[in-house]
Protein chains: 2
Amino acid sequence: MNGAESLVHTLLACGIDTCFANPGTSEMHFVAALDRIPGMRAVLGLFEGVVTGAADGYARMSGRPAACLLHCGPGLANGLANLHNARRARSPVLAIIGDQATYHRPLDAPLTADTEGWARPVSAFVRTATSAAQVGQDAAMAVRAARGWPGQIASLILPADTAWDEGGVVAAALPIAPPPAPDPWAIEQAGRILRSGEAVMLLLGGATLNAAPLENAWRIAAASGARLSAQQQNARIARGRGRVPIARVPYPLDQALAAFAGLRHLILVGASLPVSFFAYPGRPNRLAPPACDIHILTRPDQDGPAALAALAAAIGAPPAPIPESPRPTPARGALTPETVAETILALLPDEAVVIDEAGSFGRGIFAQSHRAAQHDWLQLTGGAIGDGLPMATGAAIGAPGRRVVSLQADGSAMYTLQALWTQAREKLDITTIVFANRRYAILQHELAGVGANPGPRAHAMMSLADPDLDWIKLAEGHGVAAAGATDCETLATLLAQSFRHRGPFLIALNVD
Amino acid sequence: MNGAESLVHTLLACGIDTCFANPGTSEMHFVAALDRIPGMRAVLGLFEGVVTGAADGYARMSGRPAACLLHCGPGLANGLANLHNARRARSPVLAIIGDQATYHRPLDAPLTADTEGWARPVSAFVRTATSAAQVGQDAAMAVRAARGWPGQIASLILPADTAWDEGGVVAAALPIAPPPAPDPWAIEQAGRILRSGEAVMLLLGGATLNAAPLENAWRIAAASGARLSAQQQNARIARGRGRVPIARVPYPLDQALAAFAGLRHLILVGASLPVSFFAYPGRPNRLAPPACDIHILTRPDQDGPAALAALAAAIGAPPAPIPESPRPTPARGALTPETVAETILALLPDEAVVIDEAGSFGRGIFAQSHRAAQHDWLQLTGGAIGDGLPMATGAAIGAPGRRVVSLQADGSAMYTLQALWTQAREKLDITTIVFANRRYAILQHELAGVGANPGPRAHAMMSLADPDLDWIKLAEGHGVAAAGATDCETLATLLAQSFRHRGPFLIALNVD
């Protein structure tokens, strides 16, 4: 058994059965091993950012790490942006990165690069295998690191000779530690604060945004009068009718500050300290008011759902009803942020998976999504645009049988458009809706936000027009059927059509 | 004057007047400064790999660094693969990378990343600006580093507040040191070896592949009987009728070893030690025979052309005629590697710039290109595929008035296809020829090379079919006119058409 074979066997033993791959020469033995060892689904991406973003989406929906197979050095570099996003989502991902043979690396052949150096900033675990005999054990340790609660990036670098040499040894899965229990003192302290009568907010992140812990948070808020919010970027929120209609911290600075105005206490439950996405000249960058005390009920690596259950019990919060909201209905006429949101949400299939890289145009859809059929809402978490189409690809594989609805800004879509080809090859049930406003609208807002006035050159740097991108041709060029809409009626017809059929479909909305 | 304005003024003072940009929020003051300060051409790319690859192509043709404007952290990461290629080409490139405001970085907002850590492996110079007052001086030092002979990557990281704060100071250009002169002892030693009567090869790299130093190398070879070759990856070779028909070291290992067989001495002139691109089980990875002595006439950072002139004089080599080769003529019928090469080379315009990311199908074109009209030949230097279309984009801007002919493998094209949009927006005279064999043919060769037999899963990981990419739609989707050819006559017609018209055109060849 060679090192590559021991690696594939070990991955399967550790519960990893999906590999998103963009292999190169140094990974050929791993690829060959996939033929000899049944059980590993290999999914090809035509660019590494597709592969890493797909692993993120897969992990968010399945709760398990997939393997990413990446080519040495620059191949990893191409996948870093979406590993950054996956790290911010706390998704478990195992990156397997080929590399020069151990004895070839010192010769500095053209593709030689500082693979470890590039991997380190996104990885909780980085190891370069040193021999075929060790690869299995290295892989088991990498999987354990990836599954470190709630999820981490583990990078295993595989020099070609450690894959092709004989002497591979299959390793057994290592035990995965459960998340640390919440701190009883922190629960007691949170209870005291909630009973203080002072203005309090519970800020939720991570697994507390699943349906059951959200209900506990809702009970706590109802019983105590505390405000409730999800943090700004969230890997996954259980959403839709009958579920807690939690708000999330808005992106625009003034709205974000307003969300925290008047607070005396902020209790973080798996959330990070709320800060502005960027700094702006002369503006605050911490969102909570200066007089607000910050309390940590659970860190992101602790068991937030258990803490909410314990806290609800501690304050004796009774079950609290979730209010009924009017169902959205398909809109008519022109495509505005509001009519598009209503139309999409009215038609959203049960148990859909919504991918939100909707940008400026689609920013308001989330706020209304509690009125739609039940679904999961997955956001861009790290701000590195180009995660939407790949994440949709991986989510569809991680949640088979559920329709993925991918809300996609045009500028962001162009970073990893190649994901469409993988959607077509794997015949994934993904409906992509491109909001084609032909500009980096967010930058136009931001330019105003930093007090700069755009002239013609600055304007050109924020325009995607001249020439316009033709989204129908781009989709069809990748093998994905597509159509355009310029009114809500057509959008509704196309959505309904796409939801009835298997496979991917892209709807291009020509919007302002 | 704010920091961003002092930066733009300083760049102009240092001779940098072209900026390839994919800006984000943290770069908005730089973008705004472009409006207020005339003289900087800003070229938008829709993905960072386009921007960095374009800077590489621009530098190779103009001999000067362009600026790349990249967004913080993951934005840089997306541009690393082509910075790796530019580093291997020894192209001068100034990367300006926005970042969180200095006081915002400790708050770890979602886009915060280890920008310096990612920049360092490709950069000879990395500096994070600390204040608006220092940015000008930092930029002047970065430009000097980029222009360190023959060219380096310099990364200047620009926290947002160092751009927006007042107090910017314009810096003057710093003196650029000329390349170190060759070592007289090395020239004397090379002369002795050439006169020894033993088997010798001169292996050339870098600036020695310009037309005049190539003629000196040719004289030396003719007078001494030495073999002559360019190294395997070369940033730019002066090529075509009337110029030295130098070979380059082949990529396939057996051919590469054969090129060095029987040598007793290898003299490196601006070239690196020749090694195989990858290691293969049980095969040699140093290309020169064990008994061959390696001599360094000039390191890549020394003045190789001066060394060749001095060596030619030292051994008294007379001018040597360059043999006439038959002109290529357009072929007829089926598209084979040979007929495609003949057809393209027959029609190649005078002073074309050829970009070679031709992959397996187009690998043989170079060997015949000495028979074509005079041109420059630019190769992928670092092995990170996805450099061709961006490099063509930058080369067209760096060599105005010359037709760029971009020889492009299909698999590689998919990494940075967004470059087509920039070609359309800037109306660049680029003819792209995509060799669409619908597979990673190189991996199929390599899989055989490492002794692995592909089964159906491995085969799927190397196939770009199911679905086929539609190159006409992909090009038109990006705003580039395109047509396909399945025979040489159509190819010739399309080539001639594209060379007569301004702007980009893509020809898709359906090949096996």
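**Figure 1. Packing around helix H6 of chain A.** The buried residues of H6(A) pack against five elements of chain A, namely helix H1 (3-13), strand E4 (93-99), strand E5 (125-128), strand E6 (153-159) and helix H7 (160-164). As in every view described here, the model is a predicted one. Helix H6 of chain A covers residues 132-146, and its 15 residues reach 21 Å from the first C-alpha to the last, which is close to the 21 Å expected at 1.5 Å a residue. The residues of H6(A) that are buried include Ala132(A), Val135(A), Gly136(A), Asp138(A) and Ala139(A), and further along the helix Ala140(A), Ala142(A), Val143(A), Ala145(A) and Ala146(A) are buried as well.

**Figure 2. The parallel sheet of chain A that contains strands E4, E5 and E6.** In this open sheet, 6 strands follow the order E2-E1-E3-E4-E6-E5 (chain A), and the pairing is parallel. Strand E2 (41-44) and E5 of chain A stand at the edges with a single partner strand each, so that one side of each is left without a neighbour in the sheet. From one strand to the next, the twist averages 20 degrees. At one edge, E5(A) is joined to E6(A) by 4 bridges, the two strands running parallel, and Val126(A) stands opposite Ser155(A) in E6(A). Helix H3 (residues 48-62) of chain A lies across strand E1 (18-22), E2, strand E3 (67-70) and E4 of chain A, and runs at about 165 degrees to E1(A).

**Figure 3. Helix H8 of chain A and its buried face.** Helix H8 of chain A comprises residues 184-194, and among them Ala186(A), Ile187(A), Ala190(A), Ile193(A) and Leu194(A) are buried. Seen down the axis of H8(A), these buried residues fall within an arc of 120 degrees, and they therefore line one face of the helix. An α-helix has 3.6 residues a turn, so residues three or four places apart point the same way. Pro184(A) and Trp185(A), on the other side of H8(A), are exposed. The cover over the buried residues of H8(A) includes strand E7 (200-204), helix H9 (211-224), strand E11 (265-269), strand E12 (293-298) and helix H11 (304-314) of chain A.

**Figure 4. Strand E7 of chain B between two parallel partners.** In strand E7 (residues 200-204) of chain B, 5 of the 5 residues are buried, so the strand is largely enclosed by the rest of the structure. Both faces of E7(B) are covered, with Val200(B), Leu202(B) and Leu204(B) buried on one side and Met201(B) and Leu203(B) buried on the other. In a regular strand the side chains alternate between the two faces of the sheet. Strand E11 (residues 265-269) of chain B is joined to E7(B) by 5 bridges and runs parallel to it; in this pair, Leu204(B) stands opposite Val269(B). Strand E8 (residues 227-230) of chain B also runs parallel to E7(B), to which it is joined by 4 bridges, and here Leu203(B) stands opposite Ser229(B).

**Figure 5. The mixed sheet of chain B and its edge strand E9.** The 7 strands of this open sheet are arranged in the order E9-E14-E13-E15-E16-E18-E17 (chain B), with mixed pairing. Strand E9 (237-239) and strand E17 (481-485) of chain B are the edge strands, each pairing on one side only. With direction ignored, neighbouring strands of this sheet are turned by 20 degrees against each other on average. At the edge formed by E9(B), 3 bridges link this strand to strand E14 (residues 375-379) of chain B, and the two run antiparallel; Ile237(B) stands opposite Trp377(B) in E14(B).

**Figure 6. The surroundings of Ile385 in chain B.** Ile385(B) belongs to the loop between E14 and helix H14 (388-398) of chain B. Because 26 C-beta neighbours lie inside 10 Å, Ile385(B) counts as buried. When residues up to four places away in sequence are not counted, Ile385(B) touches Glu357(B), Leu380(B), Ser412(B) and Tyr415(B). Ser412(B) is 27 residues apart from Ile385(B) along the chain, and the C-alpha atoms of the two are separated by 5.2 Å.

Notes. Residues numbered from 1 in each chain as written. Chains lettered and ligands numbered in written order. Predicted model: local features only at pLDDT ≥ 70, side-chain atom pairs only at ≥ 80, totals over all residues. Pairing = 2+ DSSP bridges. Axes fitted to C-alpha atoms, helices over the stretch in contact; angles between N-to-C directions. Expected span 1.5 Å × (residues − 1). Buried ≥ 20, exposed ≤ 12 C-beta atoms within 10 Å, placed from the backbone. Contact = placed C-beta atoms within 7 Å. Arc of directions from axis to C-beta.
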